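Colleague: I'd like to learn how to read a few features of this structure with you. Could we start with the charged pairs?

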Amino acid sequence: MDNIVRALRTFLRLAMPYFRSEERWTARLLLLGVIGAELGLVYVAVAAVNWNARFFNALERRDWNAFYSELVFFGLIVAFAVLAGASQYFFGQTLQIRWRRWLTANYVSVWMAKGRHYRVRVVAPQVDNIHLRIASDVYLFIQRTLELATGLLGSTVALVSFAYILWGLSATTPVPGMGGGTIPGWLIWAALLYAGLGTLFAHMIGWRLIPLNFNQQRFESDFRFAIVRAADHSEPIALMQGEPVERADLHHRFSNLVANWTRLVATQTRLVGFVGGYGQASTVVPILIVAPAYLAGAMPLGSLIQAALAFTRVEGAFAFCISAYPKIAEWKAMVDRLAGFEDAMIAVDESRAETEGVIVVGRDGGRDLELSGLSIRLPDGSDISGFPAMALKPGDRLMIAGPSGSGKSTLFRALAGLWPSGSGRVEFPKDGEVLVMPQRPYFPLGTLRTAVAYPSEQGAVPEADIVAALESVGLPYLVPRLDEEADWNVLLSGGEQQRVGIARALIRKPTVLLFDEPVAALADASGRELYLTLLEKLPKAVVLTIDRREVLREYHPKIVELVRDENVPQVRPLAILPA
């Protein structure tokens, strides 16, 4: 029982925000439309059962007038069924579209903000394939929720409606083996007993579907992620002839998927077999129960048909969980995965709010970039301790040097607020823009214009600024291709990509610029020339640059070098180059 209560609470936490959002009135009206249409379908079913009683009684009496009259009434039932069914589909699909659009936009806004998409890897690494939870699980969650909710509503209303019919028939239908005696509502109890036994057996067979469905979604996501990642990195894989390693990894991931899928199919097969046999038996059992009364002449043919159909409806409504069990299992898996995503985002924000054992990044530094008491904990558990306190003024340039593995890139992540592990404080200029440029620039999907202007939104940068930036970094030949859509991450060489990174900095004109190996893919002379262009065009920017090769050393009056001594990162004292 506690598990059911927790599942319902989790479901309400996921579902209710949409019905309280800015679209709440539209959402509620669509939901009312779905409910109304479902009630209309139940009314059609009740009317059809009652019609069967009158129609077969007319046949038994050979009453032609009643026969034709019932055919006309049946036409009305069909027309109303068409209207109710079409309405339910329209309202249900429209609600799915709007709900998915809102929930997806909400999740993307939360995930793709304040570095949560990166920080979640550190804070909650157990939450896998978040992008697929947003792209796929949201849709399945909404779809299954509406299917199960309308099915449960229809079953509940049908249970009450048809139980009322069975109660009336029980009073005139003798109980088999009691010599013509009756028991109030005995047909209802018979239907509930039959359905209860079926539900119990279905649960005993199918309860394993819930964890198996959860794992299946995880293994499917893992395999899709791995195969897409291999496709995105096809060039280095081909150059290094790494196909055997990639094949082995894909085979391993797909083997996990198939193994779980096999267990899922085995369990599902047993459940499908039981449900199929149960369904076939349900077409005969109701008639067998009331047939003795009909054969004894205690009820007409129409009442027999009515009792059998009503019994089937009551039993089917009560046994809703039997037919819906696979969907319930899948729905529960979707609820757990989306709840895991939301919990991970909360954990990321809570980790950001902590003040002990974390690096605090703020924007109260006036015009300067201030670093104080900075200590960074690396992934291996060691610390970069004793980082010098400093205040970098507009126009100051600081180089971070050191061998690979000394913590240079981790230091930049900490300065950007993406690496919380450690202690100390970073204060950026209050009203300035901070731009962090990784060693290998990222290229979004779309045109070259979008790629060069990134991370500015599309259309926010005038074309003249884009053209001027490309010409300044030595890429004027790319100007005619600004509106061309391509995979620029593949088409541009490493050196061209780094020149685009410099162009982005020239366009943004940040107050603080953090550069990770900005010219590593260029020849030394070309790199120095390009970097000098950047400094000349952004004379007031505070520039921190990682340069392992120290090609740019002469342009940085201040240098901090990270070194490893006996596998423990250390920081050499701040070096001030002579003027």
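Modeller: Happily. This is a predicted model, and in it E554 forms a salt bridge with R528, with 3.6 Å between the closest N and O atoms. E554 sits in the loop between β9 and β10, R528 in helix α17, so the pair links parts of the chain 26 residues apart.

Colleague: Is E554 buried or exposed, and what about R528?

Modeller: The general idea is to compare relative accessibility with two cut-offs: buried is under 20% and exposed is over 50%. E554 has 57%, so it counts as exposed. R528 has 27% and is therefore partly exposed.

Colleague: How many salt bridges does a search of the whole structure find?

Modeller: The search finds 20. One of them joins E23 and R98, whose closest N and O atoms are 3.9 Å apart. E23 is in the loop between α1 and α2 while R98 is in helix α3, so this pair ties together parts 75 residues apart in sequence. E23 is buried at 15% relative accessibility, and R98 is partly exposed at 25%.

Colleague: Which side chain does R116 meet in a salt bridge?

Modeller: The partner is D349, at 2.8 Å from N to O. This pair links distant parts of the chain, with R116 in helix α4 and D349 in helix α11, 233 residues apart. R116 has a relative accessible area of 10%, so it is buried; D349, with 32%, is partly exposed. Salt bridges can also form a network, as they do for R13, E342 and D343.

Colleague: Let's turn to helices. How does the span of helix α2 agree with its 38 residues?

Modeller: The idea is to allow 1.5 Å a residue and compare that span with the distance between the end C-alpha atoms. For α2, residues 24-61, the expected span is 56 Å and the ends are 55 Å apart, which agrees. R62 follows α2 and has a positive phi, near 60°.

Colleague: And which residues form a nonpolar patch on the surface?

Modeller: A general point helps here. An α-helix has 3.6 residues a turn, so residues three or four places apart point the same way. The patch consists of L193, L197, L200, F201 and M204, with about 510 Å² of accessible area together. M204 belongs to helix α6, residues 186-206, and its relative accessibility of 48% makes it partly exposed.

Colleague: Now strands. Which side chains of β7 are buried, and which are not?

Modeller: Look for alternation along the strand. In β7, residues 434-437, L435 and M437 point to one face and are buried, whereas V434 and V436 point to the other and are not. β7 runs parallel to β8, residues 512-516, and four bridges join them; V434 stands opposite V512.

Colleague: How many residues of β5 are buried, by contrast?

Modeller: Four of its five residues are, so β5, residues 397-401, is mostly covered. Its parallel neighbour is β9, residues 542-546, joined to β5 by four bridges, and I400 stands opposite I546 there.

Colleague: One last case: where is P438, and how far apart in space are P438 and G501?

Modeller: P438 is in the loop between β7 and α13. P438 and G501 are 63 residues apart in sequence, yet their C-alpha atoms are 8.5 Å apart in space. P438 is partly exposed, with a relative accessible area of 45%.

Notes
Residues are numbered from 1 along each chain as its sequence is written. This is a predicted model: local features need pLDDT of at least 70, side-chain atom pairs count only at pLDDT 80 or more; totals for chains, interfaces and linings use all residues. Side-chain values use heavy atoms; hydrogens and water are left out. Patches are made of residues with over 30% relative accessible area and no salt bridge: like charges are joined within 9 Å, nonpolar side chains (Val, Leu, Ile, Met, Phe, Trp, Tyr) within 5 Å. Accessible areas come from the Shrake-Rupley method with a 1.4 Å probe; for residues, only the protein chains shown count as cover. A salt bridge is a side-chain nitrogen of Lys or Arg within 4 Å of a carboxyl oxygen of Asp or Glu. Helices (H or I, at least four residues) and strands (E, at least two) are DSSP runs, numbered from the N terminus. Buried means under 20% relative accessible area, exposed over 50%, partly exposed in between (1.4 Å probe, protein chains only). Two strands pair if DSSP finds at least two bridges between them. The expected span of a helix is 1.5 Å times one less than its number of residues.
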